[in-house]
Amino acid sequence: MRTAWYERNGPAQDVLQVGTMETPEPGPGEVRVRVQASGVNPSDWKTRSGSRPMVAPRVIPHSDGAGVIDRIGPGVTDRRLGERVWLWNGQWRRPYGTAAEYIVLPAAQAVPLPENTSFAEGACLGIPALTAHRAVTTDRPCSGEIVLVTGGAGAVGHYAIQFAKLLGAAQVIATVSSAEKAEHAREAGADAIIDYRTEHVVERVQALTNGHGADRIVEVDISGNAHLLPQIVARDGLCVAYGSNGPDATFTFGPMILTGAAVRFFIVYELSAEARRIGIEDLTRWLQAGAMTHRVAAEFPLERIAEAHEAVEQGRFIGNVVVIP
Ligand SMILES: NC(=O)c1ccc[n+]([C@@H]2O[C@H](COP(=O)([O-])OP(=O)(O)OC[C@H]3O[C@@H](n4cnc5c(N)ncnc54)[C@H](OP(=O)(O)O)[C@@H]3O)[C@@H](O)[C@H]2O)c1
């Protein structure tokens, strides 16, 4: 099969190679998927560049993808043959991800993809959509809450806005950094937009919420935004920190203790089976109902995978980037 891989950590152009490898065969409980689209997430370039140790001497990158089941291993029902699926955790604690013509993985990691959803869109669900789902559902329901989504035009943020609205949030406010990103967040359903580069975020949140603050903050950059938390979070509010641009986040104890706020961290790769089940159930229902909008911003052929990584690394597009193997 045609596939991409790297054998050491480093810059995309230096370490990513494209070539052929033996096509894998599914083992017990596994399915083989002919990958039609492979999603590129920040986690993929961070892992490739060395933020996590190599899990094997050769790694096929990317956790997300979508395609068609073309072979099944012992113990898997043959009703799954020919099924359109989207994939999660393709390259998490496993060496061989979705940047290949074929991937073999446990049957549960291949979720039925509704007919109305393209393979490229399906390749955006494993990390961005499931992360957004967890961010708006963890700890307590978000129905009736005022939700602040920082980075509302990001791959995760764009879904978080949609899911907060679908789950009955009272108000969804998004921060962005340009007019184009504001439009993208508004299209997702944000009730109000704050340009965090040109506007005073604290004053705007306080004005938009009549001094209440945000009950839930879906935080893309806890290192950069932690200092704002005591001034924008509602009493007993929740900050769900799923991303960070820097290694450390600093909170000042005095102001924080007065808020009663909680900070929740999580990583989508390690969702509990129950949280993942609920996420997949909600996503499937919303996909079938046509209730979700996706933005696939760019598709790269497998040969140009290094450019796809650089595009995500540099935040060159508004929306998701996929590679077509
Ligand atoms: N915990 C998990 O399981 C999990 C899952 C998925 C992603 N992540 C992490 O979450 C982050 C976002 O992922 P993504 O796929 O959504 O990336 P993305 O598509 O690049 O989106 C990130 C968005 O955040 C904005 N942003 C950056 N710094 C910001 C700040 N200080 N305040 C407000 N907005 C800011 C960016 O726009 P501007 O720079 O123009 O503002 C961009 O729109 C990454 O660090 C990723 O590694 C974690």
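1. Helix 4. In this predicted model, the buried residues of helix 4 are L125, G126, I127, P128, A129, L130, T131, A132, H133, A135 and V136. Because 11 of its 13 residues are buried, helix 4 is largely enclosed by the rest of the structure. Just after this helix, D139 adopts a positive phi of about 75°.

2. Ligand shell. The ligand is surrounded by 23 residues, of which K46, S177, K181, Y196 and V268 are the closest. Sorted by class, this shell comprises 11 nonpolar, eight polar and four charged residues.

3. Polar contacts to the ligand. Two of the closest residues approach ligand oxygen atoms through their side chains: a polar side-chain atom of S177 lies 2.5 Å from an oxygen atom of the ligand, and an N or O atom in the side chain of K181 is 2.6 Å from an oxygen atom of the ligand. A nitrogen atom of the ligand, in turn, is 3.2 Å from an N or O atom in the side chain of N245. On its own the ligand has 910 Å² of accessible area, and the protein covers 81% of this. Two or more residues of the shell come from each of helix 2 (42-49), helix 4 (125-137) and helix 5 (155-166). Helix 4, described in the opening point as largely enclosed, is thus also one of the elements that line the ligand.

4. E145 and its partners. Which residue forms a salt bridge with E145? The partner is R140, with the closest N and O atoms 2.9 Å apart. The two residues differ in exposure class: E145 is buried, given its relative accessible area of 7%, while R140 counts as partly exposed at 29%. The side chain of E145 also makes a polar contact of 2.7 Å with that of R216. R216 belongs to strand 11 (residues 214-219) and is buried, with a relative accessible area of 0%.

5. Salt bridges around E25 and R32. The model contains 21 salt bridges. One of them joins E25 to R32, where the closest N and O atoms are 3.5 Å apart. E25 counts as partly exposed at 48% relative accessibility, whereas R32 counts as buried at 5%. Both residues belong to a network of salt bridges that also includes D70 and R71.

6. R34 and E101. A further salt bridge connects the side chains of R34 and E101, at 3.9 Å from N to O. R34 lies in strand 3 (residues 30-40) and E101 in the loop between strand 5 (84-87) and strand 6 (102-106), so the pair ties together parts that are 67 residues apart in sequence. R34 is partly exposed, with a relative accessible area of 22%.

7. Positive phi angles. Two asparagines deserve a check of the backbone. N89 has a positive phi of about 55° although it is not a glycine; N89 sits in the loop between strand 5 and strand 6. Is N89 buried or exposed? At 9% relative accessibility, N89 counts as buried. N210 likewise has a positive phi, near 50°, and is a residue other than glycine. Its place is in the loop between helix 7 (201-208) and strand 11, and N210 is exposed, with a relative accessible area of 74%.

8. Surface patch. F253, I257 and L258 form a nonpolar patch on the surface, and together they have about 380 Å² of accessible area. F253 is located in helix 10 (residues 253-259). This phenylalanine is exposed, as shown by a relative accessible area of 65%. An α-helix has 3.6 residues a turn, so residues three or four places apart point the same way.

9. Strand 13. A262 is in strand 13 (residues 262-265) and counts as partly exposed, at 37% relative accessibility. Its C-alpha atom is 38 Å from that of A37, a residue 225 positions away along the chain.

Terms used: Residues are numbered from 1 along each chain as its sequence is written. This is a predicted model: local features need pLDDT of at least 70, side-chain atom pairs count only at pLDDT 80 or more; totals for chains, interfaces and linings use all residues. Side-chain values use heavy atoms; hydrogens and water are left out. Patches are made of residues with over 30% relative accessible area and no salt bridge: like charges are joined within 9 Å, nonpolar side chains (Val, Leu, Ile, Met, Phe, Trp, Tyr) within 5 Å. Accessible areas come from the Shrake-Rupley method with a 1.4 Å probe; for residues, only the protein chains shown count as cover. A salt bridge is a side-chain nitrogen of Lys or Arg within 4 Å of a carboxyl oxygen of Asp or Glu. Helices (H or I, at least four residues) and strands (E, at least two) are DSSP runs, numbered from the N terminus. Buried means under 20% relative accessible area, exposed over 50%, partly exposed in between (1.4 Å probe, protein chains only). A residue is near a molecule or strand if one of its heavy atoms lies within 4 Å of it. A polar contact is a pair of N or O atoms within 3.5 Å; within protein, one must be able to donate a hydrogen and the other to accept it, and residues adjacent in sequence count only if both atoms are side-chain atoms. Ala, Val, Leu, Ile, Met, Phe, Trp, Tyr, Cys and Pro count as nonpolar, Asp, Glu, Lys and Arg as charged, and the others, Gly among them, as polar.
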